[in-house]
Amino acid sequence: MAETEVSKKRKRPIVRLAVLLLSHSVLVSVICCTAGVFGLLLLPVLAKNTYISENALMPGSASSMLSNQEVSEANKLIKELNNLHSNPLGATTESHGIIAKYMSNLGAQVNNHKFHPQLNQFHPLHFFSGPDSGVMQENSTRSLYGINTVGIIRAPRGDGKEAIVLVTPYNAVKGGVRETLSLGIAYSVFSLLTRVTWLAKDIIWLVADSQYGEYAPVAAWLRDYHTPAFSNLDSLNTETCHVGNNNFESKISYGIRRSGTMAAALVLGVAYGNENEDTLGIYAEASNGQMPNLDLINIVHYLAVHRQGLRVKVEQFHWLLNSKWVKSLGEVFESLGKMVKTLNPDWKLGISAADYVEGAATLASSLYHQALGVPTGPHGAFRDYQVDAITLEFSLRISFDRLDRRNDFLLHGGRINGLLGGITLFHF
Amino acid sequence: MAILLSRRSNLLAVVVLLLCQLFLYATVSSSGSVLKQGGGEEFSEELLLKPFPDRKVLAHFHFQSRAPHSSSHGRHHHLFPKAIAQLVKKFRVKEMELSFTQGRWRYEQWGGFDPLSSNNAKPPGVELWAVFDVPQSLVDVYWRNLTHTLSGLFCASINFLESSTTYSAPELTFKPSFGNLRYGTLPREAVCTENLTPWLKLLPCRDKAGLSALMDRPSIYRGFYHSQRLRLTSSESGSDEVDSGIGLDQTLTVVLQPSSWRTGKTYSVETNIQPSWSISSIFGRNIPGKCVIAKSSNVYLQLDNGLVGELKNLERENAKYVANTFESEGFQSNHAFKISVTPDKVFEEVDNLHGKSTSVIYGFSVEKYSDSQPFDLGLTWKIPVVWSCQQAPLHASRFLMGSGNERGAIAISLEPTESSEGLPTSHIIDGRCELRVDIFQVVPWYIKVYFHTLQVFVDKQPRAMADVVDKIRVSPSKDKVSPGVMEMILKLPCGSKSAAFSLEFDKGFLHIDEYPPDANQGFDIPSALISFPSFNARMNFSEDEFLNNSPILSKFQETSPVLSYTEVLLIPLTTPDFSMPYNVITITCTVFALYFGSLLNVLRRRVDEEERILRSRAGHKAGWISQLLSRLSAKLRGRPQEQPTSSLPHSFISFRLVLKILLVASIAVTWQYYFG
């Protein structure tokens, strides 16, 4: 009898534990929070280098064969486009004509895509509404339209089931040297890809008219690519557009040309670099914090660092780079790592303070963008169609005005070619 | 003994050698007579070369073997491959076509109207159809056996067509049949030399002599399109003297890039000049004479009507050249191009109701060439010429709509091509001009197509189905049993600018072991077949005895509808994480092991006995350390030693436990430190 009483008093241990935790809930939550923050701070230390099975993916098996010829052609394109900027009137239509002419000279199939931009892409009231909200707006924006130029290379031996998309945002009116340069890079890559025979997937080059932001034209093109309107009511692309006095212009169709299912997409951009090195920035966050297949980022990173000797810079919070407490934390971890190393040289916990700061900045930026849910670039539009996409942003230390420097820069296009080669093999 | 044996074997070898030689002489001397008598069997080889507007060159090999029906000549064959004859006999094949294709035929650049493209443009991968001469209930069984045999013959996974989910029985659109036709495709089959070698083995000369000696594997597979085809026709009844027996047509169609292209500047205006090529520059080999046992061995060079028309225009502009040099002998070296060998014959297409330009074919006979003087045909362009091939009346493209893993839609859009405007509109029915289009589409069962959602748009206006669709035959898919088949006969109004059809579907789920390798890439929907029965892809030549003997040219003169295939579609389906089954297996195994372990433990434990044993053991000897310790403590306390009971003092146990753990930990740390 006495024994049963005792057992009743002494409840089961799990219940006792729960009661204990509840009674000290404030303390427990504080402990959990600090543990979480500590874990987050520890993450850059624990981060391992990504491993890519070279045999499986063979990234960079395509050697960069960008010749001077392509570069000079790209330079010609840039010069022609830059000349247009002197007279902004009619620059838009002419620039499309020029780009289309260059594309079709390469043997690509070219078409224009006309779209009405949906302004206020992230209007809070339309956040939860369906695609109809866009149609509602369209009436008001009828008069506004942009024109994308799309060129498609068919893979010589491929069966055309899949395609890789190259996107270069280009604003014909306000676009500076920066944007024409990104066009030049894309052009040189594109012209190289028209001549290679190892291509397994089609290549689509989309020159997105970024008058209304970089995101809108890409999203509009993707929408029309995936859900075309067959009926007459809301078709834009059939409207005959006789703006071009150029003879060539009239030949370009406004109907969407298609290739197969999109496998991956790369957005190319150029930024003015203010750093000491040529760097390559990678942006990957799409809407609602979606991320592309990390293999895509890894391949780009691997090829850029190991094959091309570029410095890769994933997006960072710059204010974190200079903050003192992160630095001191990094130093603490560094000394800790050193101490651990004396115990066993194989334990590689040690990370230099500078690396730590950088890692923390990258991590914080990625966390922030994923939490915010706003895409960091035009690649975000692709993620809505389950297409892996990232934005690559090249930046240089010297200004682009010098020609030799520009040539040098265009030769970097060859590096992207290696990237594309890796990506074409990516799903194979 | 050993010496004796070897001597004897030497002698034997000599005798065998002699016999062999004798036999060889006999066969060589008799081969001529075999050819003459033929046993009714014949073999002929031909090659057609044709320049394309986009600087590529088409090479189309055609090998034709014929054998009279086996009942009349026993079961031996002189030339005809025995494997095929057996196959025809055993599976009672009436008609069969098997094609292996890599790459896609570009209808916009390479044309889609002439008999060459209608017959030889095939969907990527493997396509097989066969008509059997058996009762309908047996057709499926014969089909299955045939697929297995072909799979063995051609080293391909044709045996996957055995499953009823992969083949279908078209009735309306594909070919007139009475339920004994089966059709199946494998879009993902990779085609390579392993498929070509058995195909070449069916030829009497293999690739050792004759035109097939050109088939240098690297240069063939370097091409942009590669389609190897085998077509069988057999007729049981011997009523028709000419056609009775088995006919085997083997064709290989390759589109190659002449190598001079790379050196040329790609950007400047000079690019318009076509690359000059020769047989040796394309294939890296020459033709070393004909295959000895071939009845005829010819090479043709075709200039299609677009090119000829363009050349004539150019000539008209050039006043010094008189028109009609084409028909004259001097045509082979006119101002536009030069052919290195004088053609033996020139055929010009006769026609045409509407006075359009016609294509020209130059014929070259290989018979007079030999090893010492190989045949090498070259074409050199002198001036840039731009032309375009005649395209099918409508350009068909098929694509996917929608996104996400749940549902989507297949759309087929038909748009008139540039060349279609001048086409004859001879099919006016009831005062209305209509264009008949047949669509045949097979969809695998895991793409669950809802046929009632078929929407038709003509000229961007939604139309009722009855207005446009003349006849439709649908067989819905059954899960894991049969694919969905849709056959439509459409009547489109002539002047329509566009037509589009869309069909919605749900994406199904597969069982884990039904996923093909690399399922993450997506699933293929085979090409749809679009045919235009109101147009005939045929060429008319003036009557010539020669034409009827030439397999390629007689094929050109056959009446066949214009066909085109659409693209293969790739649908991403939901795929499981394929490591998941292994995780599940591991977890369940662990759970089971734990469960059975504890259950066994409970079952085989005898509680009473154990307690008794423990007690008795405790009575005899408690651990010597504890005894020692207890003795020590007793001495320290100055009390008599307690009799150790079954309930040992807890403090001691925990103390020992901590001690043990510390010991192990220190051992581990030292081990790590020194040896780790």
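This report describes selected side-chain contacts and one helix in a predicted model.

## Salt bridges in chain B

Over all chains, a search of the whole structure finds 34 salt bridges. One of these joins the side chains of B:Asp479 and B:Lys448, with a distance of 3.7 Å from N to O. The two residues belong to distant parts of the chain, since B:Asp479 lies in the loop between β21 (469-475) and β22 (484-493), whereas B:Lys448 lies in strand β19 (residues 447-458), and 31 residues separate them. B:Asp479 is partly exposed, with a relative accessible area of 43%, and B:Lys448 is also partly exposed, with a relative accessible area of 26%.

In a further salt bridge, B:Lys491 pairs with B:Asp470, and the closest N and O atoms are 3.2 Å apart. Because B:Lys491 lies in strand β22 of chain B and B:Asp470 in strand β21 of chain B, the pair ties together parts that are 21 residues apart in sequence. B:Asp470 is partly exposed, its relative accessible area being 45%. The loop between β21 and β22 also takes part through B:Lys480, which forms a salt bridge with B:Glu514 in which the closest N and O atoms are 3.6 Å apart. This pair again links distant parts of the chain, because B:Glu514 is in the loop between β23 (499-507) and β24 (523-525) of chain B, 34 residues from B:Lys480. Both partners can be placed by accessibility: B:Lys480 counts as partly exposed at 44%, and B:Glu514 counts as partly exposed at 31%.

Elsewhere in chain B, salt bridges link B:Glu95, B:Glu97, B:Lys122, B:Glu127, B:Arg229 and B:Arg231 in a network.

## Aromatic pairs in chain B

The search of the whole structure also finds 34 aromatic pairs over all chains. For B:Tyr300 and B:Phe347, the ring centres are 6.4 Å apart and the planes stand at 55°, so the pair is tilted. This contact links distant parts of the chain, with B:Tyr300 in strand β10 (residues 296-303) of chain B and B:Phe347 in strand β12 (residues 345-350) of chain B, 47 residues apart. B:Tyr300 is buried, with a relative accessible area of 0%, and B:Phe347 is buried as well, with a relative accessible area of 5%.

The rings of B:Trp445 and B:Tyr446 have their centres 5.7 Å apart and their planes at 70°, so this pair is edge-to-face. Both B:Trp445 and B:Tyr446 are buried. In addition, ring pairs join B:Phe43, B:Phe61, B:Phe63, B:Trp199 and B:Phe283 into a cluster.

## Charges over rings in chain A

In chain A, two contacts bring a charged residue over an aromatic ring. A:Lys114 lies over the face of A:Tyr145, at 4.6 Å from the ring centre. The charged end of A:Arg258 sits over the ring of A:Tyr225, at 5.6 Å from its centre.

## Helix α3 of chain A

Helix α3 of chain A comprises 22 residues (residues 25-46), which at 1.5 Å a residue should span 32 Å, and the end C-alpha atoms are 30 Å apart, which agrees with that expectation. The helix nevertheless bends by about 25° at A:Leu40, and a proline, A:Pro44, follows within four residues.

Terms used:
Residues numbered from 1 in each chain as written. Chains lettered and ligands numbered in written order. Predicted model: local features only at pLDDT ≥ 70, side-chain atom pairs only at ≥ 80, totals over all residues. Heavy atoms only, no water. Salt bridge = Lys/Arg side-chain N within 4 Å of Asp/Glu carboxyl O. Buried < 20%, exposed > 50% of the residue type's maximum accessible area, 1.4 Å probe, protein only. Phe/Tyr/Trp six-rings, centres within 6.5 Å; stacked < 30°, edge-to-face > 60°. Lys NZ or Arg CZ within 6 Å of the ring centre and 35° of its normal. Expected span 1.5 Å × (residues − 1). Bend = angle between axes of the 7 residues up to and from the residue.
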